[in-house]
Structure formats: C-alpha cells, structure tokens
Amino acid sequence: MSGRDLFCQPRRIRRGAALTLVFAGVLVTGAATGSFPEPDATARRAAVGPPAPRATRHEDVQKAAAEAMADGKSPMEAAERAVSRSGDRWGAVYTEGEYQEFQEALDGRYTGVGLWAGRTRDGRIEVTGVRSGSPAAEAGIRRGDRLRSVDGTEVDGRPVTEVVSLLRGDADDAAAGTTVTLGLQRGTRAWSEKLRRASLSTDSVTERRLAGGVSVIKIAAFTKGSGDAVRAVLRQAPADAGIVLDLRGNSGGLVTEAVETASAFLDGGLVATYDVDGAPRSLHADPGGDTSRPLVVLVDGGTMSAAEMLTGALQDRGRAVVIGSRTFGKGSIQMPTTLPGGSVAELTVGHYRTPSGHSVDGRGITPDLDVGQAEGQTGGQAAVQRAETVLSGLGDAD
C-alpha cells in the first residue's frame, strides 16, 4: 500500500463522500475545467448536441443551500444533506478551496513536499520515493527512511491516505510556503526535519524499458498534457518492440487526455458514447495513431473512470489485449454547480459506454487475461511478465 503527497483527491472524497477523480464534470463544463478545447477544435472528438438542462437534483441542492443561507445556517451543510438524500452515490459537495485544489491537480499541479509514502506489513510508514528538486530532496530525505510523525502526530498504523493528508496540510488548507515538521528515522538515527511546502508538478506519465526493448508506459492519472507525454514516449520507443500501457491504480482525470491517449493508438473512430440528462453524445479519436505496434493494457481494481473508458476503447476496437483484474466500475458523469456561499456541488447526470455499447458503471471491464486480483493491485511483476509473453506472441503473429 503506498501513496504520494500529490494529486490527492479533495478531503471530502477521501472521507467517502465521492470518488470523483473521474469525468469530474469535464464532459459538460469544459470551460470551467479547461478539459475541452473550443467546439470548432473538437469536431472529430465530440459530437455534442445542444446544452442539456441541469438536472432537477442540482436545483434541489441549490435551493437547499440558498434557504439555509437565508436562515443564517451553513449552506454547505444543507447542500450535503440534500446530496445525501438524492441517493447519488457519486454526488459530492466541496468548499471553494477544495474544488480549486481539484482543478490544480487536474492541471498537473499540487502542493506538498515531494514524498512517496508506503506502509509496511507491520504498519510502519516508510519513504518509498523522493521527487528530485523537491523540499524533501533538498533536505536529504531518502527512500527507505522511516516516517514516524507529521507535525507531532504519530503515523504508524495510519492509512497512507491519512498520512498524505497530514503531509499536505489538508485540514488547514495549507498553501505553498507553509511549514510541516517530519519525525524521521534512518537506522539508529532519529531526527526532525522542518520542510516548507511547495507548488510542484506531477509526473503522471512515466516510462521504463524492459530488457527486450518493450516500453512500459505508466499513466498514474490523466492530467493536462498526459496524451502528449504518451505520444512523446512512443516516438522514442524502439519501432520493433511492443508497448505495455499500465493503467493500474489510475483513478481517472481529464477525459480529453484519455481521448488523446486513445488517439495515439487508434486511427480515428469511436472511443465512447455517453449521455447527459438523456441527450446522446460521443467521443472520437483523431486519425493517424500507431496501429501496428503490439499493445497490452494492464488494469486492476483501482483502474477507474477515464482509465476504464480508454481501456474499453482499446479492447473493443481490437487494438490491445487487456491483462489484470476487473476494473473498478466508475462510468458515470458528474456536472458541477456553484452554490450560494461559493461551494461546489457535483451530481451525476449521465453514464458512458464503450464502443461496443458496454456499460461500465457498477460492472467494470473484464480483462482478456486475468492474472488475479492480488497480483494486479500490488503492482507485482506477474502481470508485466504475462504482458511480455503476450507481446512476443502478437509480434510473431504480425
């Protein structure tokens, strides 16, 4: 189990109110999120009909917030109660600051100290990685160091997400420049380190080369520029070697970046269909993608939303062999609405389907080859080794 003090979902998501590192309304409100370019630039990407009316539930939530504000009560608490009553499993209400944090994460920015954190089997928290040039790196913190406390709060036995929240200062909406004191241990040496949080950029796309020349492209989340980053890796990859697209643990992000990634592997055509309050729409890849190189997609139970959309498109279109375990099953679309007082409510307005018409929500995507839930989720080498075997067979077939 591991985590990083970046690209963390807003606190209300982590408390279980929602898990919307997903479409996040970007299909509907591109102007707000910067997800969709102007309409004339997306003629091939999205067949968008007239603007759909906001769902009645949005009006109910807005009304509840307005009435609470008029009575001198908390509009946000009233909105949360209204969302809960609506039965919308993905509905959520965010403070203005939380929603801004969400948007910054999708833009590939976050506030933190640059640490990856993981929990060992005995419950200890260890540093599993340090971002180059980050406050943690400049302080000399290394991979393998034990993290004992954050601002005096002992972290042993705590969930990694909770530790990450402490590192980021979520409880206080901590901004870049605020300080955090870490209790650390390396061997027998124990010490405290005071760090100043900074505004950092994410590395949502990384690549590693296997011995046989196969490129493993890991997409942690679909942040701004992810699609271009995948194309850049493809340009540098050996022409005669296969590609492993690792989407394990990818909880979603910007749909346009998922479509851009699909365009890197497809020669145009349908990526997904979806509806917004009953109005049908569709997403298409750009022509000219690499359709000849063997491709395997790795997924697990943490593969969600836009990552599931991409997986479904590549699988249905016969472009990739999918390996791993059944994906999460998040195929709904949320639309954000600004409420009185500045908070933001997101409620479900529709669902998307893969090119063959498969509905993902609540079902997920079944891989072509199941390597087992445990193997897929731990990120072990079993799935990668299976991918290499499959790629060698695909190459021989070509």
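1. A good place to begin is strand β14, which covers residues 243–246 and has both of its faces covered. On one side stand Ile243 and Leu245, on the other Val244 and Asp246, and these residues are all buried. The model discussed here is a predicted one, and the remarks below should be read with that in mind.

2. The neighbours of β14 can be taken in turn. Strand β13, made of residues 215–219, pairs with β14 in the parallel sense, and the pairing runs over 4 bridges. Within this pairing, Leu245 of β14 has Ile217 standing opposite. To pass from β13 to β14 the chain goes through helix α8, residues 226–236, and the resulting β-α-β crossover is right-handed. Strand β17, residues 295–299, also pairs with β14 in the parallel sense, over 4 bridges. Here Val244 has Val296 of β17 as its bridge partner.

3. Helix α8 comes up again when the charged side chains are considered. Arg231 in helix α8 and Glu260 in helix α9, the latter helix spanning residues 255–265, are 29 residues apart in the chain, and they form a salt bridge in which the closest N and O atoms are 2.8 Å apart. How do the two partners stand with respect to burial, buried or partly exposed? Glu260 has a relative accessible area of 14% and is therefore buried, since the limit for that class is under 20%. Arg231, with a relative accessible area of 22%, is partly exposed, because this value lies between the 20% limit for buried residues and the 50% limit for exposed ones.

4. The structure holds 12 salt bridges, and a few others deserve a reader's attention. Asp170 and Arg168 meet through their side chains at 3.5 Å, N to O, and both of these residues are buried. A salt bridge also joins the side chains of Arg293 and Asp290, at 3.0 Å from N to O, and here again Arg293 is buried, as is Asp290. In addition, a network of salt bridges links Asp122, Arg124 and Glu126.

5. Turning to the aromatic residues, the model contains 2 aromatic pairs. One of them is formed by Tyr94 and Tyr99, whose rings are 5.9 Å apart from centre to centre, with 35° between the planes, so that the pair is classed as tilted, an angle between the 30 degrees below which planes count as stacked and the 60 degrees above which they count as edge-to-face. Both partners, Tyr94 and Tyr99, are buried.

6. Charged groups are also found over aromatic rings. The charged end of Arg189 sits over the ring of Trp191, at 3.9 Å from the centre of that ring. In another case it is Lys330 whose charged end sits over a ring, that of Trp90, with 4.9 Å to the ring centre.

7. A last point concerns Glu59, a residue of helix α3, which is made of residues 56–70. How far apart are Glu59 and Thr337 in sequence and in space? In sequence they are separated by 278 residues, while in space the distance from C-alpha to C-alpha is 9.3 Å. Glu59 itself has a relative accessible area of 46% and is partly exposed, because this value falls short of the mark of over 50% set for exposed residues while lying above the 20% limit for buried ones.

Notes:
Residues numbered from 1 in each chain as written. Predicted model: local features only at pLDDT ≥ 70, side-chain atom pairs only at ≥ 80, totals over all residues. Heavy atoms only, no water. Buried < 20%, exposed > 50% of the residue type's maximum accessible area, 1.4 Å probe, protein only. Helix = DSSP H or I, 4+ residues; strand = E, 2+ residues; numbered from the N terminus. Pairing = 2+ DSSP bridges. Right-handed = clockwise from strand over helix to strand, strands pointing away. Phe/Tyr/Trp six-rings, centres within 6.5 Å; stacked < 30°, edge-to-face > 60°. Lys NZ or Arg CZ within 6 Å of the ring centre and 35° of its normal. Salt bridge = Lys/Arg side-chain N within 4 Å of Asp/Glu carboxyl O.
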